[in-house]
Amino acid sequence: MDRQGNYNKPWILQRADPYVCKADGGYYFTASVPAFDRIILRYSKTLRGLGEASERVIWKKHDHGPMSENIWAPELHWLYGGWYIYYAGGEVEDKWHIRPYVLKLDGTDPMKDEWVEAGPMRPADTDEFSFRTFSLDATIFQVNGEYYYVWAEKVSVGKQISNLYISRMESPVKLATDQVLLTSPDYDWERHGFWVNEGPGVLFHGDDIWLTYSASDTGPAYSVGMLHAKKNSDLLDPRSWEKSRYPVLSTDQELGIYGPGHNCFVKDENENDQMIVHARTKPEIEGNPLDNPDRHAFILPVRWNEDTPVFSFRGEI
């Protein structure tokens, strides 16, 4: 919802791939900026207040080489006793040479202290596949004392396919296990323009884990899909995850909202689950969809149909 409580109105303009973290008595916000050249951070005592909070630029892209182009989808996480930001970046020399990188906070205050580069995310020693090609959109969650890293990576030849993979973490900058395929774009609604699964987000509810993701190209066909697993299952076993047949959030032409995707989840001040998601407000896209700044952050309440989450820009089931 926007600052007036409207679910179908943008909350933060021109901020794609939004990520919100509840910590330190308030909320932190980060996202991709239209120029794809920096990482920003906001803080507010309230969730809605992030919409008016001042932004701090905590890091800027390099002039050349790794991390010099297409700085995408930062996420802020507290793990292993420190603050880290996970993001993806390309190179001026090859903007599609996208790989995952990590920043570490040198201090305790994300809005004041210095952020330093912790290097690229590294695969497990036995893993010959992860991060060898186009890799991005990492998120992290913790279950039973273990941290899990979920990301998108392209495979195949020609018009490559973007799949989602999962691995257990060894440290903030290294994986402990070989990649496991979670989902590939199996259905027609995941294959518009490009065959894509990306942008994972994790929602916990009792003993259930709901993992959302985004599918198809980043225009009006962009939609949110969902996987489900139990906390006590083997999360590195693909059979532990059940995939929904249809998207759980997609374009609502009547409301003028197009291509929702790349979401996260956070609890509000009353401990109610909220979905933070970006979407477009125009059906037509001028030029390359990735270069068009018409992607804005929205807040949606998570409704529950028994124990299954339901998402809607109408604020209702």
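This report describes a sheet, two pockets and several salt bridges in a predicted model.

**Sheet**

Strands E18, E19 and E20 form an open sheet, in that order, and the pairing is antiparallel. Strand E18, residues 258–267, and strand E20, residues 296–301, are the edge strands, and each of them pairs on one side only. From one strand to the next, the twist averages 30°. Strand E19 covers residues 273–280 and is joined to E20 by 6 bridges, the two strands running antiparallel. Within this part of the model, Ala279 has His296 of E20 as its bridge partner.

**Pockets**

The largest pocket holds about 650 Å³ of space. It is lined by 26 residues, and the closest to its centre are Tyr19, His77, Ile140, Phe204 and Phe265. Five elements are named as giving two or more residues to this lining: strand E1 (16–23), strand E5 (66–79), strand E9 (135–143), strand E14 (197–205) and E18. E18 is thus a contributor to the largest pocket as well as an edge strand of the sheet. By residue type, the lining of the largest pocket divides into 18 nonpolar, 5 polar and 3 charged residues.

The second largest pocket holds about 450 Å³ of space. Of its 23 lining residues, those closest to the centre are Trp72, Phe134, Glu198, Thr218 and Leu290. The elements that give two or more residues to this lining are E5 and E9. Both strands also give two or more residues to the lining of the largest pocket. In the second largest pocket the lining residues divide into 11 nonpolar, 6 polar and 6 charged.

**Salt bridges**

The whole structure contains 15 salt bridges. Three of the pairs are listed here with the distance between their closest N and O atoms.

| Residue | Partner | N to O distance |
|---|---|---|
| Asp186 | Lys243 | 2.8 Å |
| Lys243 | Glu190 | 3.0 Å |
| Asp237 | Arg239 | 3.0 Å |

Lys243 takes part in two of the listed pairs, with Asp186 and with Glu190. What does the salt bridge between Asp186 and Lys243 tie together? Asp186 lies in the loop between strand E13 (180–183) and E14, and Lys243 lies in strand E17 (residues 242–243), so this pair ties together parts that are 57 residues apart in sequence. Glu190 lies in the loop between E13 and E14 as well, so its pairing with Lys243 in strand E17 ties together parts that are 53 residues apart in sequence.

The accessibility of these residues can be set beside their pairing. Asp186 is partly exposed because its relative accessible area is 42%, a value between the cut-offs of 20% and 50%. Lys243 is buried, and Glu190 is buried too.

Is each partner in the pair of Asp237 and Arg239 buried or exposed? Asp237 has a relative accessibility of 18% and therefore counts as buried. Arg239 has a relative accessibility of 76% and therefore counts as exposed. The side chains of these two residues meet in a salt bridge, so a buried residue is paired with an exposed one.

Elsewhere, salt bridges link Arg15, Arg42 and Glu55 in a network.

Methods. Residues numbered from 1 in each chain as written. Predicted model: local features only at pLDDT ≥ 70, side-chain atom pairs only at ≥ 80, totals over all residues. Heavy atoms only, no water. Pairing = 2+ DSSP bridges. Helix = DSSP H or I, 4+ residues; strand = E, 2+ residues; numbered from the N terminus. Axes fitted to C-alpha atoms, helices over the stretch in contact; angles between N-to-C directions. 1 Å grid on protein atoms, 1.4 Å probe; cavity = no way out; pocket = protein on both sides within 12 Å on 5 of 7 lines; lining within 4 Å. Points joined across faces, edges and corners; volume = space filled by probe spheres on them. Nonpolar A, V, L, I, M, F, W, Y, C, P; charged D, E, K, R; others polar. Salt bridge = Lys/Arg side-chain N within 4 Å of Asp/Glu carboxyl O. Buried < 20%, exposed > 50% of the residue type's maximum accessible area, 1.4 Å probe, protein only.
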